[in-house]
Amino acid sequence: MNPFAELGVAPQLVSALERQGIAEPFPIQAMTLLDSLAGRDVCGQARTGSGKTLAFSLPLAQRLKPGASDKPRGLVLVPTRELAVQVNAVLRPLAKAVGLRVVPVYGGVSMEPQKTAARRGVDIIVATPGRLIDLDRQGFVKLDEVEIAVIDEADRMADMGFLPQVEHLLRRFRDRRPQYMLFSATLDGQVGRLVRSYLNDPVRHEVAPEPQAEVEMTHRFLAVHHLDRVLVAAAIARSAERTLVFVRTKRGADRLARQLVREGVRTAAIHGDLRQSARERALKEFSDGKLQVLVATDVAARGIHVDEIDVVIHFDPPEDYKAYVHRSGRTARAGKGGIVATFVLWDQVLEVERLKRHLRLADPIIEVFSNDPRLANLTGLVPAVPTAS
């Protein structure tokens, strides 16, 4: 018997999964599906790339009845437009298999096509909070019949300051009590308050990081010189198939992408000021292997779900340990190894040492230059041993 069928997934959805080559549930799916399909409120804690999208998409597709209303009865809130696009891509074939209509709405693009799609009728809406509030206030989306509400990447919602908008929307449902599903890499702080305030006796499921995953992720901290660090990044990228580079600012992303292109490395930047079509094109080319490097800001990278990223480079050190974990989690996924390299300028040493202590990483900071042959194999990179004179 199909493992998804054993968890209670309907035959037409099992067939839709099989057509996509999906035969085995990920741990977060296996843990949550029995409860979510039964209508329970669910909190799922698992790191990015663990299969959370399918874990909530299947209950949405199965529990909502097609044709019951032209108003949305399923709602998925996500922090970024990239993630809205990703969720829509996973959810749409499942919804189609059972006759449900899905509409993604997010900022950065014209509102008119989204208004038109909403007027035609929608069963499930996948939305960033700000754009959904705009459409709601203008009367194009009515939220008074929502039966299932999903908050995806709740921790990132909090980091980006979106929780007030999320709560503004959730307060609309207090009288009706929809089924809630909340998925997040962490459930502390503001996310914990959200759970206590809105979810009703939720079943909690946590996928603990596999020890193997920690072994497969290699951490390197590289002392680089300001004028040489672009060349160091280029040297690392030339020895990898896909490299994801993080910077702190949009301007910095554009500048670094141009510099890497001048070094002969196929590169594009992705950040909030780019048109959605440009962001989607860059992400697709990176996923297809046409780009060696994608340079991203933290906000834009939240929607990046590419399994075969060989190296993550923190060109600018992350602001805190949570950002380090989120960024680094883009590699060493789907059972494959990965390398995380953090660049450290002379005035960032204390900041990075504090970060290492918080993460319990003992890896030393190793000074490198762009002509260092060890950059071709960061896994084997160890501090150089001085030769006896």
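Which residues does T218 touch, not counting residues up to four places away in sequence? The first legend gives the reply; the model shown in every view is predicted.

**View 1. T218 and its contacts in strand β8.** T218 lies in strand β8, which covers residues 217-223. Leaving out residues up to four places away in sequence, T218 touches G338, I339, V340 and T379. T218 counts as buried because its relative accessibility is 15%, and buried means under 20% relative accessible area.

**View 2. An open sheet that includes β8.** Seven strands make up this open sheet, and their order is β10-β11-β9-β12-β13-β8-β14. The pairing is parallel. β10 (267-270) and β14 (365-367) are the edge strands, each pairing on one side only. From one strand to the next, the twist averages 25°.

**View 3. Helix α14 on the sheet.** Helix α14, made of residues 276-287, packs on the sheet of View 2 and touches β9 (243-246), β10 and β11. The direction of α14 makes about 140° with that of β11. Two of the strands touched by α14, β10 and β11, are joined to each other by four bridges and run parallel. β11 consists of residues 293-296. Within this pair, V293 in β11 stands opposite T267.

**View 4. Helix α16 across four strands.** α16 lies across β8, β9, β12 (311-314) and β13 (338-344). The helix runs at about 150° to β12. One of these strands, β8, holds T218 from View 1.

**View 5. The second largest pocket.** This pocket has a volume of about 280 Å³. Its lining is made of 13 residues, and those nearest the centre are R156, D159, D298, V299 and E319. Three elements give two or more residues to the lining: α8 (154-159), α15 (298-301) and α16 (321-328). How many residues of each class, nonpolar, polar and charged, are in the lining? Eight are charged, three are nonpolar and two are polar. Helix α16 therefore appears in two views, since α16 gives residues to this lining and also lies across strands in View 4. Rolling a probe the size of a water molecule over the atoms shows where empty space is left.

**View 6. An open sheet that includes β1.** This open sheet has seven strands in the order β3-β4-β2-β5-β6-β1-β7, with parallel pairing. The edge strands, which pair on one side only, are β3 (102-105) and β7 (203-206). The twist from one strand to the next averages 15°.

**View 7. The edge strand β3 and its partner.** β3 is joined by four bridges to β4, a strand of residues 124-127, and the two run parallel. One bridge links V102 with its partner I124 in β4.

**View 8. Strand β1 between β6 and β7.** In the order of the sheet, β1 stands between β6 and β7. β1 pairs with β6 (residues 179-184) over four bridges in the parallel sense. The pairing of β1 with β7 is also parallel and also has four bridges. G44 takes part on both sides: G44 stands opposite F183 in β6, and its bridge partner in β7 is H205.

**View 9. The two faces of strand β1.** In a regular strand the side chains alternate between the two faces of the sheet. Are the residues on the faces of β1 (residues 42-45) buried or exposed? V42 and G44 on one side are buried, and so are C43 and Q45 on the other, leaving both faces of the strand covered.

Note on methods
Residues are numbered from 1 along each chain as its sequence is written. This is a predicted model: local features need pLDDT of at least 70, side-chain atom pairs count only at pLDDT 80 or more; totals for chains, interfaces and linings use all residues. Side-chain values use heavy atoms; hydrogens and water are left out. On a 1 Å grid over the protein atoms alone, a cavity is a set of points where a 1.4 Å probe fits but cannot get out, and a pocket is an open set with protein on both sides within 12 Å along at least five of seven lines; lining residues have an atom within 4 Å of a point. Grid points are joined across faces, edges and corners, and a volume is the space filled by probe spheres set on the points. Ala, Val, Leu, Ile, Met, Phe, Trp, Tyr, Cys and Pro count as nonpolar, Asp, Glu, Lys and Arg as charged, and the others, Gly among them, as polar. Two strands pair if DSSP finds at least two bridges between them. Axes are lines fitted to C-alpha atoms, for helices over the stretch in contact, and angles run from 0 to 180 degrees between N-to-C directions. Contact means heavy atoms within 4.5 Å. Buried means under 20% relative accessible area, exposed over 50%, partly exposed in between (1.4 Å probe, protein chains only).
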